Amino acid sequence: MSSAVSMKTKTKVPLIDLKRQYNGIKEEINIAIQDVLESQAFILGPQVTEFEGLFASHCNTKHAVGVSSGTDALILALKSLGVGDGDEVITTPFTFFATVESICNVGAKPVFADIDHETFNIRPDLIEKSISNKTKAIIPVHLYGQCSDMDQILEIAKKHDLRVIEDSAQSVGAEYKGRKAGSMGDLGCFSFFPSKNLGGMGDGGMVTCNSKKLEELIQMLRIHGGKPKNYHAALGINGRLDTLQASILIKKLGHLDHWCEERRQKASYYTEKMKGLDLVTPKVMDFNKHVFHLYVIRVKERDRLMAHLKTNNIDCAVYYPVPQHLQKCLADLGYKPGDMPETEMAAKETLALPIFPELTQKEQDYVIETVEDFFCTSK
Ligand SMILES: Cc1ncc(COP(=O)(O)O)c(C=O)c1O
């Protein structure tokens, strides 16, 4: 009996375990929450401004505006650039639905450009082919924790006078040629969904930028477009970051760099140990600093491997099983199977293995042995 199988009944490996993170920082988090409870300043309290300042410095941007989620960050970013009815926005079909949903929700049309085979990020050459006279913006998504090829994207944007919004929801702290995710385009959008590398205890998000004008516009749009209060020159949303979330995120931000390093080390361990198996480990471009929000492998027999891991108490997941151009609610856009071949292949062949800063080596070894066991027994 192989060692993986012999451990089967004892070990349970989660995809992510937020309780372990909380247990390590419980005291400081509890004090931060208590402070907000004492102040009762739940909406745009001083911790929101403090966190915005700290987050902007972490991203090397001049400004950061705290908002209610990553989805609202995208909606506010698009609105602040005046993207709306009749406009087209080019993005990747291999992302979480919110990227595309935000484009539709401001009245614009998403136009898809397929992804690179190795990094799963949008291909700049295909962006350029998708530009029309209605194109207003590009939303590259820094998927799984690795930045898209921003130099090429920014050059195309400059050439065609387009705005760039970086969907950095999965990539806080990631770097491209020494530049931080969210600092390269016109605007950067972040999510503090609890499972993100910097996760709140509820929903939250941030928009980063270097333009004072855009910062002020987004500050206004996140409170219904009212400035001063009750005087509305623009249609906004109710999209503020809660003080409670900001107070928690201030504390967590202090640990983020260390957590990212832990993720990188665990990713290297997987990659080293799984060499020689019939699967493809993540490709990190040499100019990128990856933060491994997800550790995603490519494997032909994905569904069978997933079932094998789950039978052996290992949690794993597919990000994303349905390419966005084939979502039912977007049928009117007219895309069909075969239009985005790389994305469609990735949706069938990718699998995320457990990764989080507190994952133990014993757990990783068990995951690796169970993957090895799959290839031995399926021969
Ligand atoms: C790539 C991407 N964009 C946008 C979002 C939306 O963020 P939120 O869930 O905070 O609204 C997510 C979150 O899952 C994401 O992964």
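**A sheet, two domains and the core between them**

In this predicted model, a good place to start is an open sheet of 7 strands, whose order is β1-β9-β8-β5-β4-β2-β3 and whose pairing is mixed. Anyone tracing the sheet from one side to the other will meet its edge strands, β1 (63–67) and β3 (109–112), each of which pairs on one side only. From one strand to the next, the twist averages 25°. As a reminder, strands of a sheet pair through backbone hydrogen bonds, in either a parallel or an antiparallel sense.

One pair within the sheet makes a handy example. Strand β2 (residues 88–91) runs parallel to strand β4 (residues 135–139), and 4 bridges join the two. Here Val-89 stands opposite Ala-137 in β4. Helices pack on the sheet as well. Helix α7 touches β4 and β5 (163–167), and its direction makes about 150° with that of β5. Helix α8 (residues 212–221) touches β1, β8 (187–191) and β9 (205–209), with its direction at about 15° to that of β1.

Stepping back to the whole chain, the division is into domain 1 (3–21 + 255–377) and domain 2 (22–250). The centres of domain 1 and domain 2, taken over C-alpha atoms, are separated by 25 Å. Where the domains meet, 42 residues of domain 1 are in contact with 43 residues of domain 2. About 3800 Å² is buried between domain 1 and domain 2, and carbon and sulfur atoms give 59% of this area. On the domain 1 side, His-293, Tyr-320 and Gln-324 lose the most area to domain 2, together 17% of what that side buries.

The next topic is the interior. In soluble globular proteins, nonpolar side chains tend to be buried together. The largest nonpolar core in this model has 37 residues, and those with the most contacts inside it are Phe-51, Phe-55, Ile-127, Phe-192 and Leu-198. Two or more residues of this core come from each of α3 (46–59), α6 (124–129), α7 (150–159) and α9 (243–273), and α9 gives the most, with 6 residues. Because domain 1 and domain 2 both give residues to this core, it lies between them.

Phe-192 offers a close-up view of the packing. Leaving aside residues up to four places away in sequence, Phe-192 touches several residues, including Phe-51, Phe-55, Leu-198, Met-206 and Leu-249. Glycines are also among its contacts, including Gly-199, Gly-200 and Gly-202. Apart from the largest core lies another, of 28 residues, among them Leu-309, Val-318, Leu-359 and Ile-368.

Notes:
Residues are numbered from 1 along each chain as its sequence is written. This is a predicted model: local features need pLDDT of at least 70, side-chain atom pairs count only at pLDDT 80 or more; totals for chains, interfaces and linings use all residues. Side-chain values use heavy atoms; hydrogens and water are left out. A nonpolar core is a set of buried Ala, Val, Leu, Ile, Met, Phe, Trp, Tyr and Cys residues joined through side-chain atoms within 4.5 Å. Buried means under 20% relative accessible area, exposed over 50%, partly exposed in between (1.4 Å probe, protein chains only). Domain bounds come from an automatic or database domain assignment. Contact means heavy atoms within 4.5 Å. Two strands pair if DSSP finds at least two bridges between them. Axes are lines fitted to C-alpha atoms, for helices over the stretch in contact, and angles run from 0 to 180 degrees between N-to-C directions. Buried area is the accessible area (1.4 Å probe) that two parts lose on being put together, summed over both.
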